[in-house]
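User: Please take a close look at one part of this model. Start from a single residue, then work outward to the rest of the chain. Keep it brisk.

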Amino acid sequence: MKNFYKKYSLSKQLIIIVGITFFLLFLSLGIILPRLLIPLAESNIYNYLSEPLKVYTNNSPTELKNSEIAFIYISNDNVIASRNINDVIKTKNLNKIINKMNDSYGKFTYNYKTYYYYTLKDDNIKKIAIADDSYINRTKEDIIKAIFPTILATFLLISLTLLFWSTIVIHKIDKLKEKIDNIDNPDYDHKLNFQVDDEMRSLELAIEDMRISLINQEKYRNQMYQNISHDFKTPLTVIKSYIEAVEDGVEDNATALATIKEQTNKLEQKVHSLLYLNKLDYLKNSKNINMDEIDMEKVIHSEVEKFKFTRKEINFEVNFDKKSKFYGSIENWETILDNLLSNFMRYAKNNIKITVKQNKLILYNDGENIDNDFLEAIFTPFRKGIKGQFGLGLSIVKKTLNLMEYDITIKNEKKGVSFIITREKGHS
């Protein structure tokens, strides 16, 4: 069966299936249907045999004329048969035949041939009508001849309809295959314009969405490579320039080493961020995540202690609801708060507020509102963002939260910006 599908195209498969169906139809009409018609034909033959006996009640069997039916009248010990008895059933011993007909009607086999009979008692006379199976055979043939042309015409009409429909479907499939083969070809006309809103059109729309998505991913990938190159190039350029300055004697070693160390630390941090992003993708696929309940209050106070001396003019305010619960790992939550507070320290003017209530973590800073043009892609890695800067921090925040089945949204306040962390729907 597998070789059948491999060897033939869809149109040839359909033609073969239609041929097999026609063969099975012919087989059922020629063999199975006649067998199914036997009970109906037998019911008719008993009516066919009884009618002459009921109509010609006073006639002698010798007077009854029917080429297919023989008649036998039995009165006491006298047996009178119609003249065509030997034409209907060839026998030299009539009593032997009579002994086979004990019921009011039925059938029997004699000399490898089937016979049917019907009896009627009237004035102590037992009247018997007997016939062979030629009437039944003729009845079956008449029924088959009556229904066969209709069935055949219906089958042919259905087959032609299926072949016409399959031609349209195969044409659509060919067009979809051609579209897929040229999915990365910008010169190919990708508009198919399937008119019928069926599964083929849904598939075409899905392929078109995938094509557009691939184009956008390619554009994003190229942009990201450019941004990464720019982000890594800046500290490397600074390091190179200071090395050249020392070689030319225009800068002292201590100042150059301090600057080179600072820029090296920045590069190292960027490399660690990239590696951490890859680690998050691995953890997401492995689905082996620690989701224990953690002491969020302790984590927050530890992070505030870490950042509060970075800019002494910044005032930290923490409000914590003891009933709120958070899950995940301390390491992941520390990474999230590290990146968010690092971001806040760049943009906050005077205040950073951290609020925990109803299982929500809300981080607010009184910096400038974020432009709506940046909000949609603010969590995309190395996407050019606020003040033309590139980075991975907010992308790491988003992915780490998603890993622990949390989500983050950003809201511009009248003065400042709030980052709101909540558990994803379906998780209490």
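Analyst:
**A buried glutamine, a one-faced helix and their surroundings**

At a relative accessibility of 9%, Gln263 counts as buried; the classes are buried under 20% relative accessible area, exposed over 50%, and partly exposed in between, with a 1.4 Å probe and protein chains only. This is a predicted model, in which local features need pLDDT of at least 70 and side-chain atom pairs count only at pLDDT 80 or more, while totals for chains, interfaces and linings use all residues. Residues are numbered from 1 along each chain as its sequence is written, and side-chain values use heavy atoms, with hydrogens and water left out.

Gln263 belongs to helix α7, residues 253–286. Helices (H or I, at least four residues) and strands (E, at least two) are DSSP runs numbered from the N terminus. What does Gln263 touch, leaving aside neighbours within four places in sequence? Its contacts are Pro235, Val238 and Ile239, contact meaning heavy atoms within 4.5 Å.

Now helix α8. It spans residues 296–307, 12 in number. First C-alpha to last is 17 Å, close to the expected 16 Å; that expectation is 1.5 Å times one less than the number of residues. The buried set of α8 is Met296, Val299, Ile300, Glu303, Val304 and Phe307. Down the helix axis these residues fall within an arc of 135°, so they line one face of α8. The arc is taken over directions from the axis to the C-beta atoms. What lies over that buried set? The cover includes strands β6 (292–294), β7 (315–320), β8 (326–328), β9 (351–357) and β10 (360–365), plus helix α9 (330–347).

Next, the charged pairs in this region. Side chains of opposite charge can pair when their charged atoms come close. Here a salt bridge is a side-chain nitrogen of Lys or Arg within 4 Å of a carboxyl oxygen of Asp or Glu. By that rule there are 12. One of them joins Glu305 to Lys308, at 2.9 Å from N to O. Glu305 is partly exposed at 45%. Lys308 has 28% relative accessibility and is partly exposed as well.

Lys306 pairs with Asp338, the closest N and O atoms lying 3.1 Å apart. That bridge ties distant parts of the chain, from Lys306 in α8 to Asp338 in α9, 32 residues apart. Lys306 counts as partly exposed because its relative accessibility is 46%. Asp338, at 23%, is partly exposed too. So α9 appears twice: it is among the elements that cover the buried residues of α8, and its Asp338 holds the salt bridge to Lys306.

Another bridge sits further along. Arg423 and Glu405 meet at 3.5 Å, N to O. This pair also links distant parts of the chain: Arg423 is in strand β12 (417–423), Glu405 in the loop between α11 (393–403) and β11 (406–412), with their positions 18 residues apart. Glu405 is partly exposed at 29%. Elsewhere, Lys179, Glu208 and Arg211 form one network through salt bridges that share partners.

Backbone angles come next. Most residues other than glycine have a negative phi. Asn359 has a positive phi of about 65° although it is not a glycine. It occupies the loop between β9 and β10, two of the strands over the buried residues of α8. Asn359 is partly exposed, at 33%. Tyr112 also has a positive phi, near 65°. Tyr112 is in the loop between β3 (105–110) and β4 (113–122). Buried or exposed, at 85% relative accessibility? Tyr112 counts as exposed.

On the surface, Ile20, Phe23, Leu24 and Leu27 make a nonpolar patch of about 380 Å². Patches use residues with over 30% relative accessible area and no salt bridge; like charges are joined within 9 Å, and nonpolar side chains (Val, Leu, Ile, Met, Phe, Trp, Tyr) within 5 Å. Leu24 lies in helix α2, residues 10–55. At 48% it counts as partly exposed.

Finally, the whole chain. It has 11 helices and 12 strands. Of its 428 residues, 36% count as buried. Among contacts with a separation of 6 or more, 58% come from residues 24 or more positions apart. The protein exposes about 27,400 Å², of which carbon and sulfur atoms supply 53%; areas come from the Shrake-Rupley method with a 1.4 Å probe, and for residues only the protein chains shown count as cover.
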